[in-house]
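Here is a protein model to read alongside its sequence. Keep both in view and work through the questions in order.

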Amino acid sequence: MAFEAKEAKYIISYCPTDVASIRAALRAYGELIATGKGFEFDFCVVVFAPDVDVISLDFFQSQATIAQFLEQNRCINEEDDAAEPGNLINETLTETLFFACALLYPELKDDVKQACEDIVSFARETNNSEEMWLTYEAPFGQTPLLLTATLYPEYGYLLAGYLIPYWDDEHMPEPLSLLEQWRTPLGITADTLKAFCYCDNSAARALMLGYDVECEEVKPLAAAERSFDLISFFRESDSNYQLFKDLLVERFQQQAFLQYSSNLLTDNPLQNMLMDMMLLHYPYNSWDDDFDPDLYLTQQFIDSSAEVALLELTTYVEQQLGRGLLDAPQPDTRLGKTTTDSCARADNSANITLGESYHHEWLRTLTRELESFGLYGDNVEHGGLSRFYKLIANNHDEALALLPKTLLNIEYAEAPYDELIVASLVLAALILQREPHDNALAKAAAVYLDAYAVEQLLKDLWQSTDLPQQYLVDSLQPNSSMPLSPSCQQEIAAKLPAKSALCHYIETGRYTIDDEVLSQKASDDVALSAMRSHLTYESDDISAQQPQICWLGSVRENTQKLLYVAHIAAQYPQLGCAAALGRVLKLAFELAPVRVGLLLSKVYQEDEYLTDDHDRMQQMLDLFMQQGLSEAGCWAFIMEQYARYEDVDEEPRYVQLLTDWVTRNHPAPKNTFLSTQKVKKRKTLEAATHLLPRSLQLTLLNDAAELFPESDFCSDYDQILLDTVSRALQREDAVYDVPVYFKNRLINQQLYCEYIANYEWHLHPARIEQILQHTPVAKPDNLSSAATYYQQAIDSKRRQYIILQQQDEKLVPMFGTALLWAIQQGVMQNSTDQASINFIIIDRHCPQAYYEEMLQLASEADFVHYVRQHVLDFISGAVIGDDVQHLLRNAINPRGFLESRSYHDVELSDVLLSTSPTLQHNTRRCSTIPYVCSAWCRINAYSSIWN
């Protein structure tokens with residue numbers, strides 16, 4: 001059984017008891033690796049096939065080391081009930097088992113070494129572990145190299161050279177510890193020291209030394225624990241250090257230094273090696289921005305500073321080489337390869353056969369394109385579907401026989417990524433749509449859809465809700481491998497009923513509450529409400545009626561593919577999954593009609609724009625409406641396409657649409673009968689408008705103003721401007737807290753005010769000590785527990801303020817006295833609590849009116865609403881006065897007001913000049929609002945350019 005991730009392109013046969021057969025297989029393997037032919041799309045596609053059915057551990061009884069290695073490196077397939085227990089063919093990677101057989105025979109030692117050299121050479125020429133996959137978790141070649149080094153420690157340097165600098169330590173971290181695993185029982189020997197010299201991966205080298213470079217702080221190891229302390233080893237005798245120097249010379253003669261990448265170069269690799277060794281003796285924080293490597297190297301290495309030792313060592317090695325460290329060795333000595341000419345390799349040639357799919361080039365192409373689409377493709381589009389199906393149609397007879405056994409096989413031995421399952425689901429939906437329902441392809445597609453479609457769609461959905469995903473549900477089981485805290489378990493358990501009810505609705509169409517099964521209509525309504533409450537959303541909405549749903553955003557790469565699968569499969573009621581997929585799709589259309597329509601329209605768009613063929617677009621929308629798209633959603637989609645891509649003076653359909661849109665709110669002319677259909681369309685267009693992004697609503701208004709220049713749209717533009725300012729003021733941190741407004745007002749009036757923000761305590765130690773320890777505070781009335789009050793204040797997640805007045809040499813608390821009293825009782829045990837506590841210090845020159853205003857505003861239930869309402873009233877002309885100007889200047893945070901504008905929102909500069917004279921005049925008076933000021937500056941800049 002092959003556990004390798006990809007279907008084999010090359011199958012190398014061998015006889016485990018025939019030395020000649022194994023030698024030929026080693027040479028064939030080396031050739032495939034050395035030439036790169038054994039790799040496709042970052043995966044090794046070479047497997048070994050013994051000519052026997054069973055190989056047990058008893059076969060290796062003469063070599064206990066190999067038997068123990070195989071026992072520790074089994075890959076048991078627990079789902080394969082037919083697998084014979086104890087048969088290593090069913091429990092081991094084919095390359096591991098093959099090299100284990102080869103290493104049984106001492107006469108094959110040089111041949112094994114040659115194959116290992118080919119592995120290392122490919123790795124170093126690639127210098128990217130992401131191009132070296134064998135399984136979905138591990139690279140090719142690691143077990144052959146480790147087993148070879150275990151039997152022949154003198155070949156440990158090959159394992160070291162294999163661990164290239166550019167290694168994916170996130171997805172493939174385990175191999176980096178192999179060198180440490182190998183050298184631990186050996187200690188410091190000439191072989192392990194040589195391996196250290198040959199290793200260009202700093203993380204693997206650090207692990208070999210006994211520490212992890214990812215740790216922010218390395219604690220000194222006890223002397224007894226330093227099993228690979230090279231500095232102490234060098235200090236023991238001059239011969240030890242001379243051995244290291246000579247091994248370095250050999251290493252740079254035989255193997256060129258490999259940089260991490262072309263963008264991250266090392267000037268002197270020996271400096272890195274020395275600093276790695278020194279870390280055991282002189283720990284430092286590798287993430288410290290203030291770390292000075294030059295200063296670090298002034299510490300003692302052996303009998304001199306590391307700086308001097310580095311210079312001497314570099315000079316010695318380069319003199320012996322006759323060149324610089326970073327200069328490449330001669331072409332024939334890149335790895336000191338064992339000499340084996342091509343004629344010798346041809347002798348006793350191995351039996352190499354092609355895997356089944358590699359007899360069919362079209363299937364290889366389809367598999368390759370489908371994998372690329374699954375792992376890297378963002379969307380299902382018309383062109384990609386046509387390309388997939390063309391490969392099938394042009395090879396239809398073979399496709400009928402092969403696809404059900406390969407890409408649409410639910411019993412496929414490997415467990416592919418979800419992305420690859422989703423890609424095959426797309427293929428299945430495409431086949432179902434285009435093939436006769438009674439042929440083998442359509443039947444296999446139906447089985448595949450029934451097996452995976454609902455599971456994958458729901459898995460994708462739950463990731464964008466606050467409902468627990470399946471792995472969290474599994475963690476509640478008694479024997480879970482991922483135990484959670486009791487509080488986490490309670491939180492998950494509390495949400496399980498809501499998830500179960502939704503799952504039951506998706507499966508059956510009925511929603512259950514307290515064991516009561518609701519009617520169809522009630523079930524639909526409750527399920528939609530439940531979805532809305534459990535989905536996650538972006539902070540900025542698309543429009544007043546359309547929130548921005550994370551699930552349907554552009555981030556997740558599987559969502560659009562799965563919506564396409566649901567869209568196709570739901571049209572075939574004979575499928576077991578059709579009804580459930582249809583319900584999810586209907587919910588999606590109800591939640592975000594325009595967005596879902598846009599995602600699915602990609603599979604129908606043959607022209608540059610959908611509006612190039614209006615009738616085809618309408619047919620598509622009719623199909624969407626059968627699956628849940630509302631009439632308002634349909635019109636919103638049409639309006640979106642025309643507003644985004646068409647000019648009003650070139651497209652008659654757009655002119656008619658705008659005409660209907662402009663009159664949607666007009667009263668019916670006197671003595672004129674409006675048909676029920678006309679009234680309904682007007683209401684639908686109004687509802688459709690609010691589903692569109694605000695920026696497109698403005699585009700519609702601009703195009704309408706161009707089409708009807710005699711009409712007055714000022715009130716519409718006024719409403720857009722006021723709405724834009726209103727929402728900007730509601731964004732997080734757009735309005736300062738009341739005490740900060742008070743502080744800003746004093747500072748802008750050039751009155752004394754000292755502000756110590758929560759992140760500046762360390763800059764004012766004397767002042768903080770005076771406040772916390774030497775400022776008397778009486779116990780507030782009705783405050784029984786300092787700890788309770790303090791914890792409530794901190795847990796509120798709101799910024800806390802303490803205002804004090806300087807009176808001669810002492811400070812007198814004026815605001816926040818209860819919090820200060822609680823702190824002085826010793827309740828602030830956690831230094832992180834200060835992140836929410838700020839101090840404001842005033843003196844006797846602070847106007848009493850300012851202070852009283854601060855107290856009055858602090859009592860307001862919602863200061864943000866207070867500021868917002870006053871600003872809107874001022875812009876619209878409802879109020880005039882200095883009080884509003886004070887708010888404009890001191891209460892609005894420029895950063896919070898400016899930086900959070902949504903992609904779907906409106907720029908004030910795009911609307912200001914179209915508003916009424918009153919609003920234009922008053923917005924000019926709002927120059928203290930940076931957002932408004934910048935809009936006018938932008939307008940003036942454009943005007944100067946055009947004029």
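The questions below go from the whole chain to single residues of this predicted model.

Q: How many helices and how many strands are there in the protein?
A: The model is a predicted one. Both kinds of element occur in the protein. The count is 42 helices and 11 strands.

Q: What share of the residues in the protein is buried?
A: A residue counts as buried when its relative accessible area is under 20%. The protein has 947 residues. Those that are buried make up 49%.

Q: What share of the protein's exposed area do carbon and sulfur atoms supply?
A: The protein exposes about 45300 Å². Carbon and sulfur atoms supply a part of that area. Their share is 49%.

Q: Among contacts with a separation of 6 or more, what share comes from residues 24 or more positions apart?
A: Contact here means heavy atoms within 4.5 Å. Contacts with a separation of 6 or more are taken as the whole. Residues 24 or more positions apart account for 73%.

Q: Which strands are the edge strands of the open sheet with the order β4-β1-β5?
A: This sheet has three strands and mixed pairing. Neighbouring strands are turned by 30° against each other on average, direction ignored. An edge strand pairs on one side only. That holds for β4 (46–50) and β5 (351–354).

Q: In which sense do β1 and β5 run, parallel or antiparallel?
A: Strand β1 covers residues 10–14. Four bridges join β1 to β5. Ser 13 stands opposite Asn 351 of β5. The two strands run antiparallel.

Q: Which strands does helix α1 touch as it packs on the sheet?
A: Helix α1 spans residues 19–35. Its direction makes about 160° with that of β1. The strands touched by α1 are β1, β4 and β5.

Q: What angle does the direction of helix α3 make with that of β4?
A: Helix α3 spans residues 94–102 and packs on the sheet. The helix touches β1 and β4. Its direction makes an angle with β4 of about 55°.

Q: Which residue in β11 is the bridge partner of Glu 754?
A: An open sheet of four strands has the order β8-β11-β9-β10, with mixed pairing. Its edge strands are β8 (754–756) and β10 (810–815). β8 and β11 (residues 837–842) pair in the antiparallel sense over three bridges. In β11, the partner of Glu 754 is Ile 841.

Q: Which residue's side chain does Glu 40 join in a polar contact of 2.3 Å?
A: Glu 40 sits in strand β2 (residues 39–40). Its relative accessible area is 15%, so Glu 40 is buried. The side chain at the other end of the 2.3 Å contact is that of Arg 364.

Q: Why does the pair of Phe 196 and Phe 228 count as tilted?
A: The ring centres are 6.3 Å apart. Planes under 30 degrees apart would be stacked and over 60 edge-to-face, with the rest tilted. The planes of Phe 196 and Phe 228 are at 55°, so the pair is tilted.

Q: How many residues apart are Phe 196 and Phe 228?
A: Phe 196 lies in helix α8 (residues 190–198). Phe 228 lies in the loop between α9 (202–209) and α10 (230–236). Phe 196 is buried at 0% relative accessible area, and Phe 228 is buried at 0% too. Their separation along the chain is 32 residues.

Q: Which helices hold Phe 589 and Phe 624?
A: The two rings have centres 5.7 Å apart and planes at 40°, so the pair is tilted. Both Phe 589 and Phe 624 are buried. Phe 589 lies in α25 (residues 578–591) and Phe 624 in α27 (residues 614–626).

Q: Is Asp 514 buried or exposed?
A: Asp 514 has a positive phi of about 50° although it is not a glycine. Its place is the loop between β6 (512–513) and β7 (516–517). The relative accessibility is 72%, so Asp 514 counts as exposed.

Notes
Residues numbered from 1 in each chain as written. Predicted model: local features only at pLDDT ≥ 70, side-chain atom pairs only at ≥ 80, totals over all residues. Heavy atoms only, no water. Pairing = 2+ DSSP bridges. Buried < 20%, exposed > 50% of the residue type's maximum accessible area, 1.4 Å probe, protein only. Areas by Shrake-Rupley, 256 points an atom, 1.4 Å probe, with all protein chains shown as cover. Axes fitted to C-alpha atoms, helices over the stretch in contact; angles between N-to-C directions. Polar contact = N/O pair within 3.5 Å; in protein donor to acceptor, adjacent residues only side chain to side chain. Phe/Tyr/Trp six-rings, centres within 6.5 Å; stacked < 30°, edge-to-face > 60°.
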